[in-house]
Amino acid sequence: MSVTVLVGTQWGDEGKGKIIDVLTRDVDMVVRFQGGNNAGHTVEIGNEKYVLHLVPSGIFRPEVVNVIGNGLVVDPIALEDEMRDLEKRNVCVKNVKLSDKAHLIMPYHRLMDAFKESRRAEGSKIGTTNRGIGPAYCDKADRSGIRALEMLDLEKFEARFRAHCAEYNAVFTAGGFQTVDADAEWIKLKNAAKYLQSYIEDTVLCVNKMVKAGKNVLFEGAQGALLDIDHGTYPFVTSSNTTSGGACTGTGLSPRHIEEVYGVMKAYTTRVGEGPFQTELDNEEGVALRKAGNEFGATTGRPRRCGWFDAVASRYSCMVNGVNKLALTKLDVLDNLPLLRICVAYEIDGKRYDEMPSNSELLYKVKPVWENWEGWQESTCNARSWDELPEKARKYLTRMAELVDAQIGIISVGPKREQTFEV
Ligand code: GDP
Ligand code: IMO
Ligand code: MG
């Protein structure tokens with residue numbers, strides 16, 4: 001397996017957490033490289049269900065090192081809470097390493113996220129997770145961000161926090177918005193910083209050492225390609241590079257070392273938040289898919305919008321990511337449907353498009369060109385090999401892979417570890 005990057009190929013929530021957990025059987029290190037606690041990665045082991053936001057999904061195997069890379073924006077208070085919750089559930093977190101270069105999400109970033117969203121007109125709202133992701137990346141690009149290493153000197157950290165707080169509060173006050181209570185927030189931040197200090201390291205060195213030693217390292221993408229700041233449905237995207245290239249800049253590993261790119265892809269499509277969704281089923285069928293797939297946000301609990309598999313968008317994202325193996329998930333959710341559709345091209349203003357246009361305004365006008373597939377109408381959740389799948393399901397999956405120009409590596413037929421097999 002050696003050096004592998006795993007990414008979401010749609011709008012997130014493809015089942016990355018589950019697949020990472022399965023793959024970590026053979027892995028020495030799992031590394032998150034972008035995003036923050038906007039992510040919600042679910043792992044089900046036996047009767048236990050965990051939702052991870054910042055801690056990598058390799059945490060359930062005690063010998064695996066779990067790195068939070070420099071490309072993330074980390075809310076220290078949220079990370080402390082998440083690690084303490086895991087400890088309470090007897091999950092050992094001693095192998096977590098936090099990059100000294102990761103930028104911090106501060107309480108004023110969270111408020112700024114809400115403030116900006118409140119000022120966006122209907123139709124322009126992004127529907128963010130309200131975790132402060134965009135504003136923290138803004139400060140990083142503006143070169144005014146606070147990094148994890150600054151938590152090692154509490155006196156300086158406090159001074160920087162209070163100075164930034166005053167600047168942000170002036171903007172909030174001018175906009176008639178609530179302000180940050182710097183004294184109350186500092187107490188929480190100070191405690192989080194004290195808790196996290198011993199986990200802070202130059203993770204660029206640890207990642208490179210592992211790779212040099214020939215160990216198996218797995219990079220865990222968050223969100224999905226269609227939410228990538230450069231390649232997604234801008235401006236309805238997140239603020240980081242969610243595609244495989246982000247694994248290099250977000251960890252300090254050279255692209256020369258990456259051998260395999262896994263693309264996690266749902267057998268249909270979901271999106272949470274605002275923005276165009278070319279194959280959305282804004283009807284009873286969509287409601288039925290949401291119910292069958294239990295499509296509610298792992299981070300915010302919001303109902304996810306559901307639709308058919310979009311081969312145009314997914315092919316684009318497989319190309320950008322260089323996906324060579326697919327992990328196809330949630331096949332079982334389609335088990336009872338008599339008819340399935342795949343979108344194979346777009347029609348916009350009477351013109352056919354075989355590739356996804358860059359302009360989101362055009363994406364709102366898409367009329368999908370459908371291919372119809374007969375449903376298999378039997379349960380797949382106990383299948384443990386390709387041969388145990390109904391023939392119609394095999395045909396559907398084969399067509400998905402053909403359309404996105406990648407090979408099937410893994411199939412997932414339920415949320416549990418054992419409901420997975422290699423092809
Ligand atoms: P992630 O953000 O990509 O890690 O995905 P989420 O955890 O947000 O959402 C995926 C949801 O689907 C979780 O509730 C998983 O437990 C569940 N899940 C993952 N794979 C499968 C599968 O093959 N079938 C079913 N029915 N559920 C799955
Ligand atoms: P995982 O890793 C699905 C969406 C939000 C919003 C947009 C911007 O679990 O797949 P942000 O808070 O990042 O500024 O919000 O991105 N979004 C996700 N959607 N899964 C995620 O992560 C997401 N992380 C962000 O809903 O539309
Ligand atoms: Mg998720």
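**Exercise 1. Find which residues come closest to ligand 2, and how many surround it.**

Start with the shell: 20 residues surround ligand 2, where a residue counts as near if one of its heavy atoms lies within 4 Å. Now pick out the closest: Lys 16, His 41, Thr 129, Gln 223 and Thr 238. Before going on, note that this is a predicted model, with local features needing pLDDT of at least 70 and side-chain atom pairs pLDDT 80 or more, while totals for chains, interfaces and linings use all residues. Residues are numbered from 1 along each chain as written, chains are lettered from A and ligands numbered from 1 in written order, and side-chain values use heavy atoms, leaving out hydrogens and water.

**Exercise 2. Work out what holds polar contacts with ligand 2, and how much of the ligand is buried.**

Look for polar contacts, here pairs of N or O atoms within 3.5 Å. The side chain of Lys 16 puts a polar atom 2.7 Å from a ligand 2 oxygen. Next come backbone atoms: a polar one of Asp 13 is 2.8 Å from an oxygen of ligand 2, and one of Gly 40 is 2.9 Å from a ligand 2 oxygen. Then check the area: on its own ligand 2 exposes 550 Å², and the protein buries 98% of that (Shrake-Rupley method, 1.4 Å probe).

**Exercise 3. Sort the shell around ligand 2 by residue class.**

Put Ala, Val, Leu, Ile, Met, Phe, Trp, Tyr, Cys and Pro in the nonpolar pile, Asp, Glu, Lys and Arg in the charged one, and the others, Gly among them, in the polar one. You get 7 nonpolar, 10 polar and 3 charged.

**Exercise 4. Do the same job for ligand 1: neighbours, contacts, burial and classes.**

Ligand 1 has 19 residues around it, and Gly 15, Lys 16, Thr 42, Asp 332 and Ser 412 come nearest. For contacts, go to the backbone: polar atoms of Gly 17 and of Gly 40 each lie 2.9 Å from an oxygen of ligand 1, and a backbone N or O atom of Gly 414 is 3.1 Å from a ligand 1 oxygen. Taken alone, ligand 1 exposes 580 Å², of which the protein buries 94%. By class, its shell has 4 nonpolar, 7 polar and 8 charged residues.

**Exercise 5. Why does the radius of gyration agree with a compact globule?**

The radius is taken over C-alpha atoms, and the rule is 2.2 Å times the number of residues to the power 0.38. For 423 residues a compact globule would come out near 22 Å; the protein has 21 Å, so the two agree. The C-alpha trace spans about 65 × 50 × 40 Å along its principal axes.

Terms used:
A polar contact is a pair of N or O atoms within 3.5 Å; within protein, one must be able to donate a hydrogen and the other to accept it, and residues adjacent in sequence count only if both atoms are side-chain atoms.
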